[in-house]
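Colleague: Could you take me through the backbone geometry and the pocket of this model, with the reasoning behind each answer?

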Amino acid sequence: MDVGALFPEWDEVSEEQPAAIAAVCARLGVEREWLTKDDFIHAIVGGAVEGERVAWVEKVEKDDGGWVDVDYFLRMRVGETQIRERVVDTYNPYFGCEIGHLRWWDDAVVMVYREKHRTIACRLGLAGAPALRVVGDGWTVLDEVLICESRARGLVERLHLPALRPTAPLPAELADRSMAMGACPLGQPITSEPAALQRRIAAGLPGVAGPIAELLVGALAYRFWEPRPPLVATYEEVADEHPWNTPCWLPFYLYCASAAAERRVLLAQLDAVAARTPGEFGDEDDTAELACRHIASRCAELAGACRAGRLPDGESCYFWVGWSQAAFAGAERLFPAGMWAVWQALRPRARELLALGERR
């Protein structure tokens, strides 16, 4: 399933904003856009009203004939008193800032916005620094959960609001069901004991054991225990999920690099996992169960790619490019030993394998 296709386009995501902006303008007694005596154009580009509390993003811009002075301010007011103002963190405000979501949570505001390079979730309270976290470009908010596309194929990430706390991701088909229902379970927090979770996941995969089980668990399910980048307070500290391309096609590359007999064994193992019956670990709140369901779905796709001798139409993989490999070399602590051994064995063939992953 194409995870990106699950999420609405940005214009649809931010369709709540026109009404919210109108409510803010009415409360503040201003037009949506106005010109001040110092020739700055002010515009309300995002808003939220809850009782006596008002939050809005105000764009302030002036063109001095070649130099454009522009900034975006997140402002918060209770009654007639403005209680907070902060510049919205962006790479460069000249390139714009689009507000997709703005909401009060008790005495804090949560905002999702898009700037030049990234989509960012931000929590700002009445005092102190903001909390910032990068999210996928495709996203939506379902009650207390922000869900967004992941760089790991076939997964959807979850953040518990308003703390922006990451919880176990969802396989795409379960995320699709949640979106259809308009509600999403919170999920379990990311574990602090990844080795124990990895063993549970491996035990729940039929037909595989040892290094191959560790290969599938590591290459396909690492987001279930990977510590996300920490919440940060400034744009300069913002980081994406990781500095390397996903290894999610590694079992396919192993198949392509193996002898005929080894290929048959690996393909049979992929088919066995793909046929896994859901429910061994109970309901969908169990992280290991979610991971096993995700692995089973991906194994079906991997088996198809192995039989075809290429990635699915329209897909590409750049895991083997030089910069990605150099960064990935520092990630050993994140993966089971069996998967790491496969990567090390295949690494001398990186150029050949990169050609297999290029888009056709």
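The exchange below concerns a predicted model.

Colleague: In which order do the 4 strands of the open sheet run?

Modeller: The pairing in this open sheet is antiparallel. Its edge strands, each pairing on one side only, are β6 (98-105) and β9 (131-135). Between β7 (residues 108-114) and β8 (residues 119-124) there are 6 bridges, and Tyr 113 stands opposite Ile 120 in β8. The order is β6-β7-β8-β9.

Colleague: Which elements give two or more residues to the lining of the largest pocket?

Modeller: The largest pocket holds about 960 Å³ of space. Its lining comprises 41 residues, and Glu 149, Ser 150, Arg 151, Ala 152 and Arg 153 lie nearest the centre. By type, the lining divides into 15 nonpolar, 10 polar and 16 charged residues. The elements in question are β9, β11 (145-149) and β12 (155-160).

Colleague: Is Leu 164 buried or exposed?

Modeller: Leu 164 lies in the loop between β12 and β13, and its phi is positive, near 60°. Most residues other than glycine have a negative phi. Because its relative accessibility is 0%, Leu 164 counts as buried.

Colleague: How does Asp 39 count at 48% relative accessibility?

Modeller: Asp 39 is found in the loop between β1 (33-35) and β2 (41-50), with a positive phi near 70°. Buried means under 20% and exposed over 50%. Since its value is 48%, Asp 39 counts as partly exposed.

Colleague: What is the omega of the cis peptide bond that joins Leu 161 and Pro 162?

Modeller: Pro 162 belongs to the loop between β12 and β13 (165-171). The bond joining Leu 161 to Pro 162 is cis, with an omega of about 5°.

Technical notes
Residues numbered from 1 in each chain as written. Predicted model: local features only at pLDDT ≥ 70, side-chain atom pairs only at ≥ 80, totals over all residues. Heavy atoms only, no water. Pairing = 2+ DSSP bridges. 1 Å grid on protein atoms, 1.4 Å probe; cavity = no way out; pocket = protein on both sides within 12 Å on 5 of 7 lines; lining within 4 Å. Points joined across faces, edges and corners; volume = space filled by probe spheres on them. Nonpolar A, V, L, I, M, F, W, Y, C, P; charged D, E, K, R; others polar. Buried < 20%, exposed > 50% of the residue type's maximum accessible area, 1.4 Å probe, protein only.
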